[in-house]
Amino acid sequence: MQKIASPVAGCMRWGKWGAQYSTKQYRTMIDACLQHGINTFDHADIYGDYTTEEEFGNAMKEDLSLRDRIQLITKCGIQMMTANRPHHQIKSYNTSKEHIIHSAETSLKHFGTSYLDVLLIHRPDPLMHPHEIAEAVFHLKKQGKILQFGVSNFLPHHVNALRRFVEIDYNQVEISIIHTAPFLNGVLDNCLEHHIIPMAWAPLGGGLFNDDSSPHFRRIVSSANEFAEKYSTGINQILVAFLLKHPSKIIPVIGTTKVERLLQAKEANTIFLSREDWFKLWTAVIGEDIP
Ligand SMILES: NC(=O)c1ccc[n+]([C@@H]2O[C@H](COP(=O)([O-])OP(=O)(O)OC[C@H]3O[C@@H](n4cnc5c(N)ncnc54)[C@H](OP(=O)(O)O)[C@@H]3O)[C@@H](O)[C@H]2O)c1
């Protein structure tokens, strides 16, 4: 099992929910990522209204050697209302054993592969039973259909309930300079405590920090720009380096449609913010001196 390296390429915006890539464009992005040593791709069954996995799979099928060079993460557990799932009457969560197994097997078909590197439960489900999730994971692992398992958007109490039944390798949560809650709400501490690797979704804040009508964002951007200059780099590198400073070794999942931005995130692996500089950014985030 290969270790997942930073950054991961997030594919949510590659298909119907964003760039609407052709098979050729998927292939160009995949090749460009691999060429630069970015080999893990983050998906979910629902992306593109259940179409992005298959589109990505179509691009992979063009070269059978690709699968061995790629690590695939996908998620399950959200049921969306869309023309592709006409039997769904309301948006809901489903973490039943049957649904998890069915969803993972559907993802395998879409990708045209026999295994997923990582399967995540997309959101905590108010009706979830940890034992049932564990049974699904054991079944899928025993059949070699998933290599690793994790969760997404789980708070420490969700993780703690589930990890009594099954090993959790990852928790993928929203973390960025404009969404810093996991630094203080126990999520990252819980990861450290149980050797769970945190992945950060929307680590660039979806580009929202560019909104200069917000004094809060303006303060953050001004501080990040100052450090971009000091460390002779760009703002995206600083935003990612801010996350990488945390001892839990956060892996950013960058949702860009531009290879340059993935490379900027990779470059962040070589930027080591001093503790004081990190706190200068933190002070810009909270808008006042720390207590
Ligand atoms: N587990 C979950 O619940 C969950 C939820 C949401 C997302 N995800 C995963 O996380 C990945 C990343 O999330 P995300 O795409 O929402 O957020 P993101 O990686 O923070 O941001 C990507 C978006 O921000 C834009 N952007 C980034 N830097 C910019 C800059 N300096 N100036 C202007 N625009 C900039 C990108 O545009 P360009 O395309 O032009 O670069 C893209 O639209 C997704 O692809 C998905 O795999 C997981």
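## Naming and overall shape

Helices (H or I, at least four residues) and strands (E, at least two) are DSSP runs, numbered from the N terminus. With that in hand, welcome to this model, which is predicted. By that naming, the protein has 13 helices and 10 strands. Its radius of gyration is 19 Å, close to the 19 Å that the globule rule gives for 291 residues, so the protein is as compact as a globular protein of that length. If you would like a box to go with that number, the C-alpha atoms fill roughly 50 × 45 × 35 Å along the principal axes.

Sequence separation is worth a glance too. Take the contacts between residues at least 6 apart in sequence: 76% of them join residues at least 24 apart.

## Surface and charge

Of the 291 residues, 55% count as buried. The protein exposes about 13,600 Å², and carbon and sulfur atoms supply 52% of that area. As for charge, there are 29 positive and 31 negative side chains, and the centres of the two sets lie 2 Å apart.

## The nonpolar cores

In soluble globular proteins, nonpolar side chains tend to be buried together. Here the largest nonpolar core has 75 residues, and the members that touch the most other members are Trp 14, Ile 30, Phe 41, Phe 56, Phe 149 and Phe 242. A second, separate core has nine residues, including Val 118, Leu 120, Tyr 170 and Ile 251.

Phe 41 is a good residue to click on in the viewer. Leaving out residues up to four places away in sequence, Phe 41 touches Val 8, Ala 9, Cys 11, Trp 14, Ile 30, Cys 33, Phe 56, Ile 70, Gln 71, Leu 72 and Ile 73. Among these partners, Trp 14, Ile 30 and Phe 56 also appear in the group of core residues that touch the most other members.

## Backbone details to check

Most residues other than glycine have a negative phi, and most peptide bonds are trans. Three places in this model depart from that pattern. One is the peptide bond from Ser 6 to Pro 7, which is cis, with omega near 0°. Pro 7 lies in the segment before strand S1 (8–10).

The other two concern phi. Gln 20 is not a glycine, yet its phi is positive, at about 55°. Gln 20 sits in the loop between S1 and helix H1 (23–35), and it counts as exposed because its relative accessibility is 56%, over the 50% cut-off. Asp 49 also has a positive phi, near 55°, again in a residue other than glycine. Asp 49 belongs to helix H2 (residues 47–50), and with a relative accessibility of 15%, under the 20% cut-off, it counts as buried.

## Two loop residues

Ala 83 is in the loop between strand S4 (78–79) and strand S5 (92–93). Its relative accessibility is 73%, so Ala 83 counts as exposed. Ala 83 and Tyr 50 are 33 residues apart in sequence, with 9.9 Å between their C-alpha atoms.

Gly 144 is found in the loop between helix H6 (130–142) and strand S7 (146–152). At a relative accessible area of 32%, Gly 144 is partly exposed. Neighbours within four places aside, Gly 144 is in contact with Ser 114 and Tyr 115. Met 128, by contrast, is 16 residues from Gly 144 in sequence, and their C-alpha atoms are 24 Å apart.

## Two helix residues

His 158 lies in helix H7 (residues 156–163). Beyond its neighbours within four places in sequence, His 158 is in contact with Pro 124 and Met 128. The C-alpha atoms of His 158 and Glu 226 are separated by 39 Å, with their positions 68 residues apart along the chain.

Ile 286 is part of helix H13 (residues 275–286). At 36% relative accessibility, it counts as partly exposed. Arg 219 is 67 residues away from Ile 286 along the chain, and the C-alpha atoms of the two are separated by 9.9 Å.

Terms used
Residues are numbered from 1 along each chain as its sequence is written. This is a predicted model: local features need pLDDT of at least 70, side-chain atom pairs count only at pLDDT 80 or more; totals for chains, interfaces and linings use all residues. Side-chain values use heavy atoms; hydrogens and water are left out. The radius of gyration is taken over C-alpha atoms; the globule rule is 2.2 Å times the number of residues to the power 0.38. Buried means under 20% relative accessible area, exposed over 50%, partly exposed in between (1.4 Å probe, protein chains only). Contact means heavy atoms within 4.5 Å. Accessible areas come from the Shrake-Rupley method with a 1.4 Å probe; for residues, only the protein chains shown count as cover. Lys and Arg count as positive and Asp and Glu as negative; His and the chain ends are not counted. The place of a charge is taken as NZ of Lys, CZ of Arg, CG of Asp or CD of Glu. A nonpolar core is a set of buried Ala, Val, Leu, Ile, Met, Phe, Trp, Tyr and Cys residues joined through side-chain atoms within 4.5 Å.
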